[in-house]
Amino acid sequence: MDVSLPSDVLFTLGPLRVSNAVFAAYAITAGFILVALAARGRLRVVPGRVQAAFEMLFDFLFSQFARAFGSEERARRFVPLLMSLFLFILVANQFTLVPFVSSLVAEGAPVFRTPTTDWSGTLALALVTIGSAQVLSFAISPLGHVGQYLRLGPLLKARSFGDVANGLLQAFLGLLDIVGELAKVVSLSARLFGNIFAGEVMVAVIAALAVWTQFLVPMPFMFLSIFSGLIQAFVFTLLATQFIAMSVASRGHPQEASTGSA
Amino acid sequence: MDLDSIKVISAAICMGIGTIGTAIADGWVASKAMEAIGRNPSVSDKIAPNMIVGMAICESTAIYALVVSLIILFAV
């Protein structure tokens, strides 16, 4: 049983080290582009089977987005980001289930590795999500966004000793919100990484227990990891929706923006 | 004890203690969701996604414990 937390470097492109997880992510992205180009000319008003399946998926997710953002027009602007997050994670989680993909080996290292079992990959997704939420919030109201973290207002308006204490507390809570944003990045990425990586490790452990557990016995565990991969793609997208919707909705009254969940 | 056995024991303790709260929370979320569906079955398709998201958030503590123990086992 060989389990490695960092992914193996396949080759280097100048300063960039392309690991097998990144290579798999490139492959998935290329596949998406090809599918999108192929599907472009074939969209019909009366959908075929594949188109109907995608439309059902889109409708389901879009209703979730619309509920989070409060209106359909506002949600429509964020659909490209959120849908591509969802589709990428959905496909990436199940990528090594494609036959022969996981048995390709170059120079001792597998060529493909599930992109979400590399913490750098999920960290990049989480940074894009939280970063875009921060940038959007800043673009909508710069002062309100900064004031959300540097809460000096109550301290400057203080009239009595109790007000000063309250203002100091508010300033401290504002600084804690900065830590909260960083914790969001860590929790969002660690959740996806931990779930998918644990699924793969569990299958590997079961397969390495004895000779007869290599066949059929890992199947329920593979089923479990497939299921958790689907759920995690959904959860990541919904949490990203919530974070972005929160930063968009907090326009004008930043104090009401709740810091959100862990 | 040598370092390897300390690693294994600490990873086991990390997982064992770290998942207690998560187990309780997951069960709580599921039971409350079932209760709500039982009261009003017509909204079950609205409750189910919310329940899954809530469970995933409850599970994040266990996932942190898992990540920490994976780092203890394979990276340290």
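The following exchange deals with nonpolar and aromatic features of a predicted model.

The model is predicted, so local features need pLDDT of at least 70 and side-chain atom pairs pLDDT 80 or more, whereas totals for chains, interfaces and linings use all residues. Residues are numbered from 1 along each chain as its sequence is written, chains are lettered from A in the order written, and side-chain values use heavy atoms, without hydrogens and water.

User: Why is Leu3(B) called exposed?
Analyst: Exposed means over 50% relative accessible area, buried under 20%, and partly exposed in between (1.4 Å probe, protein chains only). Leu3(B) has 58%, so Leu3(B) is exposed.

User: Why is Phe58(A) called partly exposed, and why does Phe62(A) count as buried?
Analyst: Phe58(A) has a relative accessible area of 30%, which lies between the two limits, so Phe58(A) is partly exposed. Phe62(A), at 8%, is under 20% and therefore buried.

User: What makes the aromatic pair of Phe58(A) and Phe62(A) stacked?
Analyst: Rings of Phe, Tyr and Trp (its six-membered ring) pair if their centres lie within 6.5 Å; planes under 30 degrees apart count as stacked, over 60 as edge-to-face and the rest as tilted. Here the centres are 5.5 Å apart and the planes differ by 10 degrees, so the pair is stacked. The two residues are 4 apart in helix 2 of chain A, about one helical turn.

User: How do you know that Phe69(A) and Phe78(A) are stacked?
Analyst: Their ring centres are 4.9 Å apart and their planes are at 0 degrees, so both values meet the rule. Both residues are buried.
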